[in-house]
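Please look at the sequence and the structure below. The questions after it ask what lies behind some of the terms used.

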Amino acid sequence: MLLTLTASAVLMLLQQAPAEGTDWDAEFGVEVKQRDPVTGELPVDPYEQSNANAGARPYDSARLVDDFGGREGIARIAARTVELSEADPRIAAIFASHDTVRLKRTLGEQFCYLLGAGCDYTGRDMRTAHAEMGVTKADMNALVENLQVAMREAGVPFAAQNRLLAKLAPMSREVVMR
Amino acid sequence: MTLAAFSFIAIAGAAVQIAASPAPPRNALAPVPEAPPLLAQGEAGPNPGRDPASEPPPEVEPQPDPDEPPRIAGFDVLAGGKLLLTNGVTTVEGSSGGGLARWATIGGRQMAGGIGLSGHATAIELPDYGWRSYGVMLGIGDRVELSYARADFDTRDIGALLGIGQGYTFNLDTFGAKLRMTGDLVYGQTWLPQIAVGIEHKRSRDGALVRALGAADASGTDYTLSATKLLLARSLLVNATLRYTAANELGLLGFGSAAGAGYRLQFEGSLGYQLSRRAVVGAEYRTKPDNLGLGDDDWLDVFAAYSLTDNLTLTAAYVDLGSIATIPGQRGGFLSAQVAF
């Protein structure tokens with residue numbers, strides 16, 4: 001008994017501790033995604049880029065673009081919406097495991113395209129982009145409220161706010177999964 | 001001895017590690033209600049042959065939230081979640097809608113999987129009459145609305161004139177139920193409104209009198225079909241309701257007529273313009289039958305509703321109720337408060 005204990009103790013002591021700085025991801029075959037040094041975005045699987053992925057046809061109104069503060073204003077509103085949502089306890093969990101650097105850019109492109117401000121949308125289509133997220137209508141409402149806050153902060157008139165929402169609301173069919 | 005002590009420490013350390021290892025799965029289990037349903041993605045997912053190992057680990061830490069709403073029988077109780085004003089205000093019959101017209105909206109602030117409650121009080125001041133009503137609504141998910149309302153209609157001086165007594169007050173109980181069939185007020189196809197069917201069972205508390213006035217029955221049931229949509233591109237809410245009814249003045253004067261007049265199809269229409277998240281202005285029109293030949297007129301109103309808080313909505317309106325019980329020119333003010341959770 002004592003012999004067994006001693007023997008196992010000796011065996012344990014003889015075991016070599018793993019070297020400092022072991023690459024555990026490599027040991028277990030985990031693929032590490034590196035953020036792009038320029039854009040700060042994580043790589044995504046290749047897909048076909050098309051403005052059709054934006055999910056609706058764009059407006060053609062210079063005044064509407066102006067209401068949103070042009071391309072820069074639109075990009076700021078999109079980024080602000082993502083920031084508010086990351087800090088919103090109702091939906092933060094959905095954003096926690098996603099590349100919000102990329103999301104800020106693609107959401108901004110989508111808004112910019114839909115509002116007719118002349119951007120191309122380079123993101124994925126709505127169904128693919130939201131697959132496996134289990135988004136509910138309540139989540140969607142929370143996002144709408146955050147977008148409304150962002151637009152209000154940017155001084156977008158309410159009727160113009162609703163025109164953007166009008167493009168987004170029908171996309172619930174592709175986004176809401178339960 | 002040192003060796004033995006050391007081995008004990010090593011074994012104890014290993015044991016601690018083993019004991020600690022079940023902890024992460026427990027953490028991972030807790031947020032499951034928030035996690036994507038894995039089965040659903042089999043139908044909707046773009047790549048069913050995807051490698052499960054590439055699934056990102058759940059990074060959400062379970063946060064015991066003291067503000068978490070209670071759950072009863074799997075429903076979130078009074079958790080809210082609706083966009084402001086999308087539960088409508090309360091009609092004179094206690095249903096979710098505009099002031100006069102029933103809408104396809106479901107009362108309460110709950111979303112799917114939730115239970116909501118709403119209460120209201122309404123006063124209408126007319127040149128010759130006074131209306132008071134109050135009631136409660138229960139909303140179940142995005143599907144069902146149950147309501148009860150009591151209306152008291154004070155005839156004031158007209159009561160004496162009509163020979164039923166000074167200040168005679170008609171009372172009406174309305175039990176409502178509404179079922180959303182399809183569509184969504186805000187989301188989904190722009191051309192597909194939220195569509196609901198419903199009933200309103202009404203019981204006059206003045207049976208003998210309404211029969212004496214010529215009504216066939218003291219109680220009756222209205223059947224409604226409503227379609228309501230918020231056209232975001234125009235900030236416009238549009239509602240149309242068909243009501244199959246035999247009610248005289250909503251049922252305050254009973255149902256049908258002893259002479260044989262019965263059910264007729266009536267129309268309720270509403271238009272609302274959203275000024276902000278919290279404010280909407282609009283107008284409504286409601287046709288009514290004239291079974292008793294007392295000059296029962298169509299009703300119309302011009303309204304403004306404002307959400308003072310997420311839970312409290314005030315509605316003010318100018319109403320034209322035409323002639324009531326042969327007394328014409330019943331135009332006045334409508335004020336209603338709704339509290340909803």
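The questions and answers below set values against definitions.

This is a predicted model, in which local features need pLDDT of at least 70, side-chain atom pairs count only at pLDDT 80 or more, and totals for chains, interfaces and linings use all residues. Residues are numbered from 1 along each chain as its sequence is written, and chains are lettered from A and ligands numbered from 1 in the order in which they are written.

Q: What makes residues 70-86 of chain A a helix, α4?
A: A helix is a DSSP run of H or I with at least four residues, and a strand a run of E with at least two, numbered from the N terminus. Helix α4 of chain A has 17 residues.

Q: How do you know what span to expect for α4 of chain A?
A: The expected span is 1.5 Å times one less than the number of residues. That gives 24 Å, and α4 of chain A reaches 25 Å from its first C-alpha to its last, close to the expected value.

Q: Why is A:Gly73 called buried?
A: Buried means that 20 or more other C-beta atoms, placed from the backbone, lie within 10 Å of the residue's own (exposed: 12 or fewer; partly exposed: in between). A:Gly73 is buried, as are other α4 residues, including A:Ala75 and A:Thr81.

Q: Which residues does A:Phe111 touch?
A: Contact requires C-beta atoms, placed from the backbone, within 7 Å. Not counting residues up to four places away in sequence, A:Phe111 touches A:Ile74, A:Ile77, A:Ala78 and A:Leu164.

Q: Why are β9 and β10 of chain B said to pair?
A: Two strands pair if DSSP finds at least two bridges between them. Strands β9 and β10 of chain B have 10 bridges and are antiparallel, so they pair.

Technical notes
Contact = placed C-beta atoms within 7 Å.
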